[in-house]
Amino acid sequence: MNSRNDGICGMLPREKMYESAKKLRDVYAIKPNAPIFQREFGFYSMDRWVSEGHIIGEHSPWIYDDYIRNLFGFDEYGHHELFGLGWEAAEFSPKFNEIIVEERERHEVVQDIYGRHVLFFKGRRTGFMPEYIDHPVKDMKSWEEKCKWRLDPKNPERYTHLAQDMEAAKEKARQGLIITQRCVGGYMYLRSLIGPEELFYKFYDEPELIHDCMKTWLELADAVTAKHQEFVTIDELFFGEDICYNQGSLISPDMIREFLFPYYQQLIKNIKSRQLDKNRHLHLNIDTDGHAGSVINLYKEIGMNIMDPFEVASGCDVVEIAKEHPDLIMFGGIDKRILAKDKEAIDRHLDYIMPFMKKRGGYIPTCDHGVPAEVSFENYMHFRKRLLEYSK
C-alpha cells in the first residue's frame with residue numbers, strides 16, 4: 001500500500017477498510033439506499049431490563065460491546081473517538097475534588113468535579129436528572145481563581161496517556177474508521193461554568209467575561225487537537241452543544257455569531273491547516289436537544305453538515321428536515337415516547353420515517369435520546385427487528 005493512502009496521510013482504499021467503516025462512510029457520503037448503520041444513542045432502560053431478567057448482569061453498551069451488539073444487531077464501531085476536550089462540561093485538569101457540602105434527609109448536595117453544587121439522591125449519582133444548585137463562575141475574579149487555570153493547555157497532566165491513545169487512534173485510522181474529535185461546544189461549556197439562567201445575564205452584563213472564557217476554550221481546543229493531529233487526520237469535529245429548547249435556540253443568532261462562531265471558525269481553520277491528509281473533508285457535527293431545526297441554517301454558516309439527535313417532542317421531524325436540507329447528515333429522530341407505547345405505534349412511526357430516509361441516505365435511526373426506562377424490552381426488540389428489516 002502507498003504510505004500516503006494509509007488512512008492517516010491519505011484516505012485508505014475502500015477495499016482495505018473494515019466493513020463497519022465502509023458502511024458508516026456511506027452514511028457520511030449520503031449514499032442513497034445504502035444499508036442502515038445500526039447503533040443506539042444510549043440507554044436509561046438497562047436497570048429495568050436487568051431486573052426483569054432480559055439482560056444478564058449489569059451491562060452497558062459502552063463496556064460490554066460484543067454482548068450488546070449481538071443482542072440488538074448493532075454494527076461494530078465505524079468511528080474512533082478522541083477525547084481531552086470535554087463533552088457536557090469544561091475539561092478541567094486538575095478537576096475539582098468531589099465533596100459532600102450538605103446533608104439532607106433523602107438527598108445530599110455534592111460539589112462535583114466541575115465545581116458545580118449538585119443535588120443527588122443519597123448514595124446515587126446516575127439514572128436520573130440531577131438538579132444543579134450552583135456553578136463556580138460568578139464574575140471575572142471567580143473565573144480566574146477557580147477555573148481558568150484548570151484549562152491550561154500546557155499542563156503536562158493532560159497528555160499523560162497521549163502516546164497510548166494515539167497508537168490506538170492510528171490503528172483505527174489504518175482500518176478506515178472515521179476519526180472523531182469530541183469537544184464540549186461553547187454554549188454547553190459556558191453553561192457548565194456559569195449556570196443556565198445566570199449565563200443569559202452575563203452575555204449582556206459581562207461580555208468581556210464570556211469572551212475570556214471562550215478565548216480560553218479556543219486555546220485549549222487548539223492545543224489538544226494540534227497534539228492529536230501530529231498522529232492522525234481528523235475526519236469529524238463533534239460539538240456537544242445543547243443550545244436549543246423546545247421552541248428553538250436558547251440565545252439569539254446575533255449572540256451565537258458574536259460569542260461562539262469566531263472561536264469555532266478559528267478552531268476549524270486551524271484544524272484544517274494542520275491535517276496530515278490535506279484532501280480530507282472535515283465534517284462538523286452539532287449535537288443539540290430541543291427544536292434543532294431553528295439553528296440548522298445558522299450553523300451551516302460555519303460548515304456544519306451533521307446534526308443529532310432531533311428530539312421529536314420538540315417538533316423535530318427528520319423527514320421534513322431532510323427534505324429541506326438534502327445535504328445534511330442526520331442521526332436520531334426516533335420518538336422515545338412511541339417506543340414506550342405498543343408495537344403498532346412503533347410500526348407506524350418507522351414506516352413513516354424509514355422508506356424516505358433510506359432512499360435519501362445520510363441517516364442513522366436512533367432514539368432521540370437515551371432509551372428511557374418506560375420502554376419495555378419486548379418493545380425495544382421489536383423496534384430493533386424492524387430496523388434490521390429496513391437495513392437489508
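The second largest pocket in this predicted model has a volume of about 660 Å³. Of the 31 residues that line this pocket, the ones closest to its centre are His-80, Glu-81, Leu-82, Phe-83 and Asp-165. By character, the lining divides into 12 nonpolar, nine polar and 10 charged residues.

Which helices and strands each supply at least two residues of that lining? They are the helices α3, α5 and α8, together with strand β1. Here are their residue ranges:

| Element | Residues |
|---|---|
| α3 | 65–72 |
| β1 | 79–82 |
| α5 | 162–173 |
| α8 | 207–229 |

Helix α5 gives the most to the lining, with five residues.

Now for the sheet. Seven strands make up an open sheet with parallel pairing, and their order is β1-β6-β7-β10-β11-β12-β13. Its edges are β1 and β13 (363–364), each of which pairs on one side only. So far as the pocket is concerned, edge strand β1 is also one of the elements that supply at least two lining residues.

Further along the order, β7 (residues 236–240) and β10 (residues 283–288) run parallel and are joined by five bridges. One of the bridge pairs links Glu-236 with His-283 in β10. Helix α5 packs on the sheet too, where it touches β1 and β6, and its direction makes about 155° with that of β1.

Helix α1 (residues 19–28) lies across β1, β6 (178–184), β7, β10, β11 (306–309), β12 (329–331) and β13. Relative to β12, helix α1 runs at about 115°.

Notes
Residues are numbered from 1 along each chain as its sequence is written. This is a predicted model: local features need pLDDT of at least 70, side-chain atom pairs count only at pLDDT 80 or more; totals for chains, interfaces and linings use all residues. Side-chain values use heavy atoms; hydrogens and water are left out. On a 1 Å grid over the protein atoms alone, a cavity is a set of points where a 1.4 Å probe fits but cannot get out, and a pocket is an open set with protein on both sides within 12 Å along at least five of seven lines; lining residues have an atom within 4 Å of a point. Grid points are joined across faces, edges and corners, and a volume is the space filled by probe spheres set on the points. Helices (H or I, at least four residues) and strands (E, at least two) are DSSP runs, numbered from the N terminus. Ala, Val, Leu, Ile, Met, Phe, Trp, Tyr, Cys and Pro count as nonpolar, Asp, Glu, Lys and Arg as charged, and the others, Gly among them, as polar. Two strands pair if DSSP finds at least two bridges between them. Contact means heavy atoms within 4.5 Å. Axes are lines fitted to C-alpha atoms, for helices over the stretch in contact, and angles run from 0 to 180 degrees between N-to-C directions.
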